[in-house]
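Me: I'm new to reading protein models, and I'd like to learn how to go through one feature by feature. Could you walk me through this one?

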Amino acid sequence: MLWYLGRRLLQVIPVFLGATLLLYALVFLRPGDPVAGLGGERGLPEAVQQQIRAQFHLDQPFFVQYLYYLKGIFTFDLGDTFTGRPVAEVVVEALPITFQLALMALAIETIFGIGFGLFAGMRKGKFFDSSVLVLSLLLIALPTFVTGLVLQIVVGVRLDWLPVTAGRDPDFISLLMPAVVLATTSFAQILRLTRTSVIENVTADFVRTARAKGLSRDKVTSRHVLRNSLIPVVTFIGVDLGNLMTGSIVVEGIFNIRGVGGTLFEAIQRGESVTIVTMSTVIVLVYIVANLLVDLLYAVLDPRIRYA
Amino acid sequence: MTTTISLTDGSTEDAPVPAEKREDGSPLLEIRDLQISFTTATGTVDAVRGVDLSVYPGQSVAIVGESGSGKSTTAHAIIDLLPGTGKVTGGSITFGGRELVGLNRKETEDLRGSEIGLVPQDPMSNLNPVWRIGTQIDEALVANGFQGSKAERTARVAELLGEAGLPDATRRARQYPHEFSGGIRQRALIAIGLASRPKLLIADEPTSALDVTVQKKILDHLEVLTAELGTAVLFITHDLGLAAERAEHLIVMYKGKIVESGPAAQILQDPQHEYTKRLVASAPSLASRRIQSAHERGTEAADLLAGHADEVEATVSDVVVAKDLTKVFHIRGSRPGAHSDFTAVDGIDFALPKGHTLALVGESGSGKSTAANMVLGLLEPTSGTVLFDGKDVAKMSRKEQFALRRRVQPVFQNPYGSLDPTYSVFRSIEEPLALHRVGDRKSREARVRDLLDMVSLPQATMRRFPNELSGGQRQRIAIARALALEPEVLVLDEAVSALDVLVQAQILTLLNDLQAELGLSYLFITHDLAVVRQIADLVAVMKDGSIVEHATTDEVFDNPQQQYTQDLLAAIPGASLEIGG
Amino acid sequence: MPENRYDKAPRPGQGHFVAAPEDVTVGVVDAVSVDEAPTSMWREAWRDMSHRPLFWISAFMILVVVVISIVPGAFTSLLPRSGCELGSSLLPPSSEHIFGTDRNGCDIYARTLFGARASVLVGVLTTSFVVVLGTTIGAIAGYYGGWTDTILSRITDVFFAVPFVLAAIVILSIVPTRTSLAVALVLASFGWTTIARITRGAVLSVKNNEFVTASKALGMSRAAILWRHVLPNSAAPIIVYSTVALGTFIVAEATLTFLGIGLDPSTVSWGGDLSTGRSSIRTNPDIMFYPAAALAFTVLGFIMMGDVVRDALDPKARKR
């Protein structure tokens, strides 16, 4: 198990370096001079521009800049935004909100996805199964922002059950609708995945053996069918964390939430390279770390992995 | 058999009654006119059509049949474990006087495990990979009402594993299935099947996935164990020899019906039905036994052997010679720096005389397939040489090596994997001709037709695709493709191992005919000594990468020199049977 | 005990029974059926699909969308842009404007029809790029193995670690003119990783098949084996994924355009119309219905098709 953990950690390092380099390169290649655009119509005096360039190491070659940026990440000295706020502060403010949103979405999609998927898989071909299947296709086909807008109109405006936007300091209730929206597509996918693997496991030899042992139906379902069906679902959740993070850009945009996604989106529109790179890095970092955790969970669920 | 196993029962009030003391009057299990059908998209398929059988307490009964005969379906119906859409549509199953058809779920669950146990077929897929072995046995105890504390259960689990023949049971109980070989997993499955001391044990091909020597050990053990517990056993098997050796009553099934049933000895010595006759004649284990007994009686068994020469004349030259052939695989460990070298083939020598058959026999991991792949030029030997017609293959130019490909061709084991499913039969057979630029399109088509004739398939087969053909037919196609370039040597890597007995016999006959007709030399790779008797002139027995015995087939069978060869021979199912010539 | 087992007399009901020969006829072992038409794997999959209503429904949906995207003018006389009059802003549905008009006074029906082209174009282009790039990388990594595999797989991991919509946002924010081709290229640049992984997995499982070894034994070159045997047999999962991916790329394009960094506003698109419609969400939410419905309809068509194709091509499902 320790070896497995160590090997996974070693694999993460090149991925992290590669991904951050890639992101940094993309923003670095951005045409135009970001500093010249500051200071409104008149622009900043040349001396001040020089100073800003030196401060952000913009006068250095690309690779040196990248190394400065890496150093910044590890010392949590992420520099300032062009408006003078420390980026670290922005991150610290935004992260908890996005975490809360993502965790709520994750809880909704896994609980309902696995529940419905198990139920449908155990009743393959029955009415419940077929209708849930069609419904899940529909949910996958609906883009997140469309679901968001529809819920805003119906639940927010027409029925006035939940607040239409979340605003600055969102509480649980105001994050509920955004979380549901964020969870819909993944909910449908988890449902289908669970269903497929339940159907596969129900006919597995070891399940038949478990039944032949005299185990009750509920025991067979929970200890053998469900337990084994969770393995591919956990893998999917790892990948899905990426979807949740990017989905938060859209959802936070629609519901006006000042989390990582919302901040990133604003920064893009304002052209703030430092914030874009930092926020993107935060997203990628969260994604990589979350995937590492999921891999460990995977190893707990499937003993074969630990020795592979 | 002198093995004795000390048995302790978990619960004191339900001590096993020795077989002799049981009331012998009425059968434990009685099946009358059982009908089972499956619903498919195209209609209903009757898998079992009117089966009658009875099993008496403590008795062992075997159902024999090929795949699709309905043998497993019948067995699974007893404990209501029919797969998919399978349903009992008629007849009755009584167990201890109680009707089982139509029991509700709770009643069936109570019956399973405690009254009727199951030892399933494939040890690789029948244990849940995510639970420890001990947990999976513990479950069976709890489900069947074992009264006891956690510690008592743990002790009982270790006891059961030990009783199934696992040394160091306490430690093993804490390990996961993937840490064990097939043989040990099968023992764990036996421990599960017998955990709650059922009166009847259904053993569904319990050892068909295992090496023969392991198979024999486990079956011997199971026999002693069930005899001491007084458990009745219902064997399901495709191997007539195994069935006759392990059961007193045989039931032969074919296409969902019983074609013949009766005392094992009687069925074997005096088969009445056409199908049973063919089965008895084809079963390799029985065939080799028959040859053996003919030999012992001093009769020349020429007509029993499918035309193989007893002696290899000294004048025949060797077409393939392996000299000190070695293959070392470099294995990367799961931990950094944990490399290890694995010597798959360790300096073996053998010679294949022209027009003859040399069998490389060994159990899994013996290195026989690695050796074959080196002869085929698919693997580079680590050291040693393969000589083809006296020329060192490694020293040939690329062009010569490409030309050599035409002279040595393989036929593999898996009839489902050996043909490209996206290629029509014509394309599959034509491919080698096209690749080696033999003839034009028209002459190639004529050649494909000839080849299909040669393997006794209608020419119309060439428009078909592999998924439309049966295993035996695919294997014929694979042989036709291998013959397309008129090779001198065929490497047959377990080429008949995956086939049903009758089909296997047909393919062996075909191979013998082709050898006589075309003067082919065969390198026959197999784990099955019984088949060797039917086809090979020379045998090389491999173990752990080395050849332990290399002689003519008769010498190996009549007078094996090595303990390992003797063990292999003794492990052939049916070896102890008395069969009339 | 095995020795004396045979000496016992048979018990009741266990005497020698032989079925009547005419009751069970033993035919020729292994006869080939020669009468039916040959069925290749693909033909069998087709036969399976053509029995499913979902296949015909999704095929019809895709056909409708594709035809509209090619000749949107055939279904309306109005144009999405030139016919707009600010004076007729936000009109309710009428015989002239059957879906009504939007904020700029443009006919919503016409804009919905003309918006199909951008979505279909981006979807098809992105999928094509992704299939070419992903299968090449995945097939080479899986087939050649060793160091080639290690390097290509690590590169795939790096690209996979950056969610492709995030990467697209970053890249598109620096692309000056965002045509359908540009958006497709950007989406493809980070969207190829899944298909590369799928292809690699498929190739790995196919390349150990015995028909591949048999071709090696014939002296066929590695590249030829990859091209003639391995790739055709790896095609099924690639086709299934591509069909579904086409739908997800359309969603991605619409999302980006909705956020204002996808297609240029000069291109008529559903994402763009939803973005403009959002400003009047409280007063006129119904004008957003049509582009949203068209978008969902299109994506649903492809995703349903992917589902049907999966069922038909999945060897496990076929066996049943």
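Me: Let's start with chain B. Into which domains is chain B divided?

Reply: Happy to help, and keep in mind that this is a predicted model. Chain B splits into domain 1 (17-115 + 198-283), domain 2 (124-195) and domain 3 (292-425 + 486-571). Notice that domain 1 is written as two stretches, 17-115 and 198-283.

Me: How far apart do the C-alpha centres of domain 1 and domain 3 of chain B lie?

Reply: Those C-alpha centres are 36 Å apart. The two domains do meet: 12 residues of domain 1 of chain B are in contact with 10 residues of domain 3 of chain B.

Me: Which helices supply at least two residues each to the side of domain 1 of chain B that touches domain 3 of chain B?

Reply: Look at helix H7 (212-229) and helix H10 (274-282) of chain B. H7(B) gives the most to this side of domain 1, with 4 residues. Sorted by class, the side of domain 1 of chain B that touches domain 3 of chain B has 3 nonpolar, 5 polar and 4 charged residues.

Me: What does the UniProt record say about chain B?

Reply: An unreviewed UniProt entry carries the annotation "domain: ABC transporter" for residues 31-280 and 320-569 of chain B. Take the span 31-280 of chain B: it is 38% helix and 27% strand, and its end C-alpha atoms lie 26 Å apart.

Me: Now chain C. How many helices and strands does chain C have?

Reply: Chain C has 12 helices and 1 strand. Read from the N terminus, the strand of chain C is followed by the helices. Of its 320 residues, 49% count as buried. Among the contacts in chain C with a separation of 6 or more, 70% join residues 24 or more positions apart.

Me: And which residues of chain C does UniProt mark with a feature?

Reply: The unreviewed UniProt entry places "domain: ABC transmembrane type-1" at residues 116-310 of chain C. In the model, that span is 81% helix and 0% strand, with its end C-alpha atoms 26 Å apart.

Me: How many residues does each chain bring to the contact between chain C and chain A?

Reply: Chain C brings 33 residues and chain A brings 39 residues. On chain C, helix H4 (146-161), helix H5 (164-172), helix H9 (222-259) and helix H11 (289-313) each supply at least two residues of the side that touches chain A. The largest share, 8 residues, comes from H11(C). By class, this side of chain C divides into 25 nonpolar, 3 polar and 5 charged residues.

Me: Can we zoom in on one residue? Is C:Phe289 buried, exposed or partly exposed, and why?

Reply: C:Phe289 lies in helix H11 of chain C. C:Phe289 is partly exposed because 17 other C-beta atoms lie within 10 Å, while a buried residue needs 20 or more and an exposed one has 12 or fewer. C:Phe289 and C:Gly277 are 12 residues apart in sequence, and their C-alpha atoms are 9.4 Å apart in space.

Me: Last one: how do I read a pair of packed helices?

Reply: Two packed helices are described by the angle between their axes and the distance between the axes. In chain A, the axes of helix H4 (residues 87-122) and helix H7 (residues 172-202) come within 6 Å and cross at roughly 35°. The crossing of H4(A) with H7(A) is right-handed. The residues of this contact divide into 23 nonpolar, 7 polar and 3 charged.

How values were computed: Residues are numbered from 1 along each chain as its sequence is written. Chains are lettered from A and ligands numbered from 1 in the order in which they are written. This is a predicted model: local features need pLDDT of at least 70, side-chain atom pairs count only at pLDDT 80 or more; totals for chains, interfaces and linings use all residues. Domain bounds come from an automatic or database domain assignment. Two residues are in contact if their C-beta atoms, placed from the backbone, lie within 7 Å. Ala, Val, Leu, Ile, Met, Phe, Trp, Tyr, Cys and Pro count as nonpolar, Asp, Glu, Lys and Arg as charged, and the others, Gly among them, as polar. Axes are lines fitted to C-alpha atoms, for helices over the stretch in contact, and angles run from 0 to 180 degrees between N-to-C directions. A crossing is left-handed if the near helix is turned anticlockwise from the far one by less than a right angle, and right-handed if clockwise. UniProt positions are given in the numbering used here, feature names are shortened, and annotations may be inferred rather than shown by experiment.
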